[in-house]
Amino acid sequence: IFGGLVLDVKRKAPFYWSDIKDSLNLQCLASVLFLYCACMSPVITFGGLLGEATKGNISAIESLFGASLTGVSYSLFAGQPLTILGSTGPVLVFEKILFKFCNDYGLSYLSLRTSIGLWTVFLCILLVATDASSLVCYITRFTEEAFAALICIIFIYEALEKLFHLGEYYPVNMHNNLDNLTFYSCQCSPPTNASDQLLQRWNQTGYDSSDSVPWSSLNVSMCKLLHGEFMGPACGHHGPYIPDVLFWSIILFFTTFFLSSFLKQFKTERYFPTIVRSTISDFAVFITIMIMVVVDYLMGIPSPKLHVPDRFEPTSKHRGWLIDPLGENPWWTLLVAAVPALLCTILIFMDQQITAVIINRKEHKLKKGCGYHLDLLIVAVMLGVCSIMGLPWFVAATVLSISHVNSLKVESGCSAPGEQPRFLGIREQRVTGFMIFTLMGCSVFMTSVLKFIPMPVLYGVFLYMGASSLKGIQFFDRIKLFGMPAKHQPDLIYLRYVPLWKVHVFTLVQLTCLVLLWVIKASAAAVVFPMMVLALVFIRKLLDFMFTKRELSWLDDLMPESKKKTEDDKKKKAQEKLEEESRLEEEEECKLKVCFDGSNRLTIPVNSFSGSQEKVACVRVDVSPDSPGEGSTTETYL
């Protein structure tokens, strides 16, 4: 019992001081600033969506507080502190279903949620005690890449979707006539049918009836507050056309993406000293955000900005910071809560461990070891704390974790002209995660600064993170092979040993699984998404009947592509060297005597006298009795 946990602690404890000492580098500061900006928007957005789903029981301030508390604790005590915790879609779906269930049956949502959370903690600790995390060995590249690819695609899709949604809030007139621009106007007018409820709202704002409201002089916000209607050729469905904001947001979005990508690759440019190029590359995203904020401020266009709660108090006045697990609910809800807790446990376990497997890839060259059991224990304990305090649940976030690792890559310094930097490993430490979530907790007191960050800029950062996280996924390299002629295909190691048609079959199976995962995650059944990810392990097992073990070892081996190719080339060089040594030994044996390699080949040894440039060839011919000059021996010196 708890054997794996004890081993994790013993493995990680000796490195704890180095986890702090290794963070004393400018690259870590760049990582903190980048990930802080990247983590803020999802956490606040998730809190807003949760507030809508739970009618204000859990909202943005609870999300910020929960993320900060969980993230700081995880960074200090987890086995793999490079993992970044965040909110997930299935958790939001589960919260929606639970809130609707409580409303339908008259139960206290926060109390039942606390009971489920405590049961989930118990089941997760049970998994830690039984070393269930050792099952991650069955999560091979097939499952890992399908999951990672899905999360990256979702990040890219949601970034573009949020940009398109801005068109609803800032509509554009698609039928403009430039000669009639002087006639365009949009005014507020009274609604056609005013209900009793609307009349009460008018009374609350100081107006007795529709006639007493100065509709034509109301601004946009007051018109929406009084439920007026917008009339005129310059009006859209929800208000006046605002073309400048939408187009400016599109410019900010794509400029952020391309500028971040360019500055990140600046390390390989030919200009400026190495330290300058490395610093620009490390701070690429932060520099981009700062440039975009300044440009947006100078332009003066009212683009949508980041909104952060400015007061540290529960969103709902009907709750505190501690929640009773029973509350007003019947006693039997404490027992029934174990059933949904089982689903939550699978959700937490799969999300956490698959992300941990991706972070602990061999290609990342991590030297301080992993800690699957310890990670799960910390996540479980903090889930229990968040449940009691009425805060959202947080688990490992795949794209944010990959971005964190990529921001801490260590490469060799290039000295020779044209030499490409070599990847040396990851700067493993705990301080970046700790600082990211500490800053997030202090965001409530930094609203005066954060309010200048445009949301389209953060959407561009999401697009950059999703696109950059796709690099190194073998699955996408194999997809490219479908439309590529054989002579243009890259020298991929698995193409040396596996027939191309079998590579295509393997890719199609993986692609089908990816599409099914997408459909499930985008539907109302998203809460069972972790179960479908678990099913990938069994689908991978079925591939044993379609492919040989040798083929699967090349297609589904966790060893990184470049390393396998290097090892394969080393084997070939070693074989060639062995053949060369063998040939030299044969030549050594042939010295000073005639060697017949075949019936028509005569080898003549050539010796060089030491200390002289002159070479002497000695040929000794023994003439057989059947030949002319029978019994004679002839020696010729040249």
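This is a short walk through one predicted chain, from its overall make-up to a few helix pairs, ring pairs and single residues.

Okay, some ground rules. It's a predicted model, so local features need pLDDT of at least 70, side-chain atom pairs count only at pLDDT 80 or more, and totals for chains, interfaces and linings use all residues. Residues are numbered from 1 along each chain as its sequence is written, and side-chain values use heavy atoms, with hydrogens and water left out.

Let's start with the whole chain. It has 25 helices and 11 strands; these are DSSP runs numbered from the N terminus, with helices being H or I of at least four residues and strands being E of at least two. Of the 638 residues, 45% are buried. Buried means under 20% relative accessible area, exposed means over 50%, and partly exposed is in between, using a 1.4 Å probe and protein chains only. Now contacts, meaning heavy atoms within 4.5 Å. Among contacts with a separation of 6 or more, 77% come from residues 24 or more positions apart.

How confident is the predictor? The pLDDT, its confidence in each residue from 0 to 100, averages 76 over the chain, and 83% of the residues score at least 70. Two stretches to flag: residues 607-616 stay under 50, with nine contacts beyond four places in sequence, and residues 627-638 also stay under 50, with 20 such contacts. Where pLDDT is low, the predicted coordinates should not be read in detail.

On to helix pairs. Two packed helices are described by the angle between their axes and the distance between the axes. The axes are lines fitted to C-alpha atoms, for helices over the stretch in contact, and the angles run from 0 to 180 degrees between N-to-C directions.

Take H7 (residues 141-169) and H22 (residues 500-522): their axes come within 10 Å and cross at roughly 50°. That makes H7 oblique to H22. For the labels, under 35 degrees is roughly parallel, over 145 roughly antiparallel, 65 to 115 roughly perpendicular, and the rest oblique. The H7 and H22 crossing is right-handed; that is, the near helix is turned clockwise from the far one by less than a right angle, and anticlockwise would be left-handed. On the H7 side, the residues that meet H22 include Arg141, Phe142 and Ala149, and on the H22 side they include Phe506, Cys513 and Trp518.

One residue to click on here is glutamine 510, in H22. Is glutamine 510 buried or exposed? It's buried, at 1% relative accessibility. Glutamine 510 touches Arg141, Phe142, Glu145 and Ala146, plus Phe475 and Arg478, leaving out residues up to four places away in sequence.

The second pair is H4 (residues 60-77) with H15 (residues 372-389), whose axes come within 10 Å and cross at roughly 155°. So H4 is roughly antiparallel to H15, and their crossing is right-handed. Among the residues that meet are Phe65, Leu69 and Tyr74 in H4, and Leu374, Ile378 and Met382 in H15.

Leu374 comes up again with valine 6, which sits in helix H1 (residues 3-12). Valine 6 and leucine 374 are 368 residues apart along the chain, yet their C-alpha atoms are separated by 8.6 Å. Valine 6 is partly exposed, at 41%.

Now the rings. There are 12 aromatic pairs. Rings of Phe, Tyr and Trp (its six-membered ring) pair if their centres lie within 6.5 Å; planes under 30 degrees apart are stacked, over 60 edge-to-face, and the rest tilted. Tryptophan 119 and phenylalanine 122 have centres 6.0 Å apart and planes at 85°, so they're edge-to-face. Both are in helix H6 (residues 109-129), three residues apart, about one turn. Phenylalanine 253 and phenylalanine 254 are edge-to-face too, at 4.9 Å and 90°. Phenylalanine 253 is buried at 0%, while phenylalanine 254 is partly exposed at 33%. And Phe142, Phe506 and Phe547 are linked into a cluster by ring pairs.

Last stops. Helix H16 (residues 398-407) is mostly covered, with nine of its 10 residues buried. Serine 316, in the loop between H12 and H13, is buried at 13% and touches Gly56 and Asn57, again not counting residues up to four places away.

Notes
pLDDT = per-residue confidence, 0-100.
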